[in-house]
Amino acid sequence: MRISEAATAAGTTAKTLRFYEDIGLLPGIGRTPAGYRDYPQEAVQRAAFIRRSRAAGLSLEQAGVLLAVHDAGTRPCSHVRDRLADQLQAIDARISELQALRNTLADQLEAAESGPAGCDPGQVCSYL
């Protein structure tokens, strides 16, 4: 199928498909006699997998590793599970960091709303 059809079917753009081809995530895209890219269904499935991987927060490199496991004839399900677990752990850690930051900002804002009466003139701003 042509690139626009393949992009629509994969839920991505033609530019993204060309990029994936350039970096080797979509290998062996053939050409029609007129020189147009001719995407097989397997390429569309790979592109959709990459899109879903990216939506889950995985990098292109991680998606490439998972595709390489698949290409070697092994189902990458356990690898996918491990990457998703890692991603979830990283997100949970980031949420904790953001919650701590939020609490700090809320405390600083509360202090700032009390007005400048308690400001130390020797500091740029006592709120920070």
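**A partly exposed loop residue, a buried helix residue and the core**

T32 comes out as partly exposed, at a relative accessible area of 21%; the scale calls a residue buried under 20%, exposed over 50% and partly exposed in between, using a 1.4 Å probe and protein chains only. The model is a predicted one, in which local features need pLDDT of at least 70 and side-chain atom pairs count only at pLDDT 80 or more, while totals for chains, interfaces and linings use all residues. Residues are numbered from 1 along each chain as its sequence is written, and side-chain values use heavy atoms, with hydrogens and water left out.

T32 sits in the loop between β1 (30-31) and β2 (37-38); strands (E, at least two residues) and helices (H or I, at least four) are DSSP runs, numbered from the N terminus. Between the C-alpha atoms of T32 and M1 there are 9.7 Å, with the two residues 31 apart along the chain.

S53, by contrast, is buried, with just 4% relative accessible area. This serine is part of helix α3, and, neighbours within four places in sequence aside, S53 is in contact (heavy atoms within 4.5 Å) with L58 and A63.

As for the largest nonpolar core (buried Ala, Val, Leu, Ile, Met, Phe, Trp, Tyr and Cys residues joined through side-chain atoms within 4.5 Å), it has 19 residues, and L17, Y20, L26, Y39 and A47 have the most contacts inside it. Two or more residues each come from α1 (3-10), α2 (14-22), α3 (41-55) and α4 (60-71), with α3 giving the largest share, 6 residues. Again leaving out neighbours within four places in sequence, A47 touches A10, L17, Y20 and L26.
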